[in-house]
Amino acid sequence: MLDSEVSELGILGNYFLINSALGVIVSELGIRYSTCESPSQVPTHASVVLISFDAIDDLLSDMDVILSRSDSPPRLILFPRFNDIPVNLPKLPKEVAAVVHPKMGHAEIKSIIILVMEGHKIVPFGSQNNPLAKNTLENTKITQEVLTRRQREILREVAKGQTNKEIARSLKISTNTVEAHVSCIIRKLNVQNRTQAALALNDPLLSASVPVRTERETQRQQA
């Protein structure tokens with residue numbers, strides 16, 4: 001659970017619609033935030049900063065300002081406006097915790113913010129030259145190889161932000177059954193919580209920092 005009394009978040013960018021959308025998501029999480037038009041306006045005590053951008057040079061300049069103004073630099077979540085913006089991973093500072101694909105949905109963005117606030121680092125969607133992303137695409141086939149049809153169905157509802165009670169009502173099964181399936185899903189995917197499981201379903205690239213068992217490993221452990 002996030003501590004809204006001590007956590008504050010900054011939203012930086014010149015795009016009103018993006019900033020407004022991110023503000024709605026952050027408000028739903030109960031986190032205090034400040035919307036900023038320049039990096040110098042970002043609160044020095046912000047623990048996380050969301051940055052929307054459409055040019056790498058501008059992004060790097062903004063990050064330099066933000067990271068140089070605090071003895072305890074914030075973690076950064078980047079929001080490129082277009083999916084063809086090249087994100088050169090070696091140039092990004094270690095404070096970058098996530099890069100969010102422009103087509104990422106409301107629930108997924110919320111999950112990413114939660115994970116970053118909790119201290120996790122999520123591999124950016126980046127380019128195909130990212131070896132970690134390549135390995136993830138080759139090795140992670142969680143929906144077809146590991147989970148049953150019913151578990152995939154439940155995980156899709158989890159990814160929408162549905163509670164166990166809402167999932168039970170939608171699928172016409174008991175809440176206890178949903179809870180059992182969710183626990184099984186978390187165990188099979190070898191993740192820490194339902195949020196990480198939802199991220200692994202929605203975008204394999206975002207689960208690169210989360211260890212995922214292959215079907216053979218799962219069968220071996222259950223044997």
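How many bridges join strand E1 to strand E2, and do these strands run parallel or antiparallel? In this predicted model, five bridges connect E1 to E2 (residues 32–36), and the two strands run parallel. Within this pairing, Glu8 of E1 has Arg32 as its bridge partner in E2. The chain passes from E1 to E2 by way of helix H1 (residues 16–28), and the resulting β-α-β crossover is right-handed.

Strand E1 itself spans residues 8–12 and is mostly covered, with five of its five residues buried. The side chains alternate about the strand: Glu8, Gly10 and Leu12 point one way, whereas Leu9 and Ile11 point the other way, and all are buried. E1 is also joined to strand E3 (residues 48–53), through four bridges and again in a parallel arrangement. In this pairing, Leu12 stands opposite Ile51 of E3.

From E3, the pairing continues to strand E4 (75–80), with six bridges between E3 and E4, which run parallel. Phe53 has Pro80 as its bridge partner in E4. The connection between these strands includes helix H2 (residues 56–68), and E3, H2 and E4 together make a right-handed β-α-β unit. Five of the six residues of E4 are buried, so this strand is largely enclosed by the rest of the structure. E4 pairs in turn with E5, in the parallel sense and over three bridges; here Ile77 stands opposite Ala98 of E5.

The largest nonpolar core comprises 24 residues. Those with the most contacts inside this core are Leu9, Leu50, Ile77, Ile109, Ile112, Ile113 and Val116. At least two core residues are supplied by each of E1, H1, E3, E4, strand E5 (96–99) and H3. The greatest contribution is that of H3, which gives seven residues to this core. Leu9 thus appears both among the buried residues of E1 and among the core residues with the most contacts, while Ile77 belongs to that group of core residues and also takes part in the pairing with E5.

Helix H3 (106–117) also takes part in the lining of the largest pocket, as do helix H6 (149–159) and helix H9 (194–202), each supplying at least two residues. H3 gives the most to this lining, with five residues. The pocket has a volume of about 260 Å³ and is lined by 14 residues, of which Ser111, Val158, Gly161, Arg194 and Thr195 lie nearest its centre. By class, the lining divides into five nonpolar, six polar and three charged residues. In H6, the buried residues are Gln151, Arg152, Ile154, Leu155, Glu157, Val158 and Ala159; Val158 is also one of the residues nearest the pocket centre. Gly161, another residue of that group, follows just after H6 and takes a positive phi of about 90°.

In addition to the pocket, the structure holds one cavity of 30 Å³ or more. The largest cavity has a volume of about 40 Å³. Its lining is formed by Val42, Pro43, Thr44, Ile66, Arg69, Ser70 and Pro74, and consists of four nonpolar, two polar and one charged residues.

Two loop residues were examined individually. Glu37 is placed in the loop between E2 and E3. Glu37 counts as exposed because its relative accessibility is 64%, above the cut-off of 50%. Glu37 and Tyr15 are 22 residues apart in sequence, and their C-alpha atoms are 8.9 Å apart in space. Lys172 lies in the loop between helix H7 (164–171) and helix H8 (175–189). At 74% relative accessibility, Lys172 likewise counts as exposed. The backbone of Lys172 has a phi near 60°, a positive value in a residue other than glycine. Most residues other than glycine have a negative phi.

Technical notes: Residues numbered from 1 in each chain as written. Predicted model: local features only at pLDDT ≥ 70, side-chain atom pairs only at ≥ 80, totals over all residues. Heavy atoms only, no water. Buried < 20%, exposed > 50% of the residue type's maximum accessible area, 1.4 Å probe, protein only. Pairing = 2+ DSSP bridges. Right-handed = clockwise from strand over helix to strand, strands pointing away. 1 Å grid on protein atoms, 1.4 Å probe; cavity = no way out; pocket = protein on both sides within 12 Å on 5 of 7 lines; lining within 4 Å. Points joined across faces, edges and corners; volume = space filled by probe spheres on them. Nonpolar A, V, L, I, M, F, W, Y, C, P; charged D, E, K, R; others polar. Core = buried A, V, L, I, M, F, W, Y, C linked by side-chain atoms within 4.5 Å.
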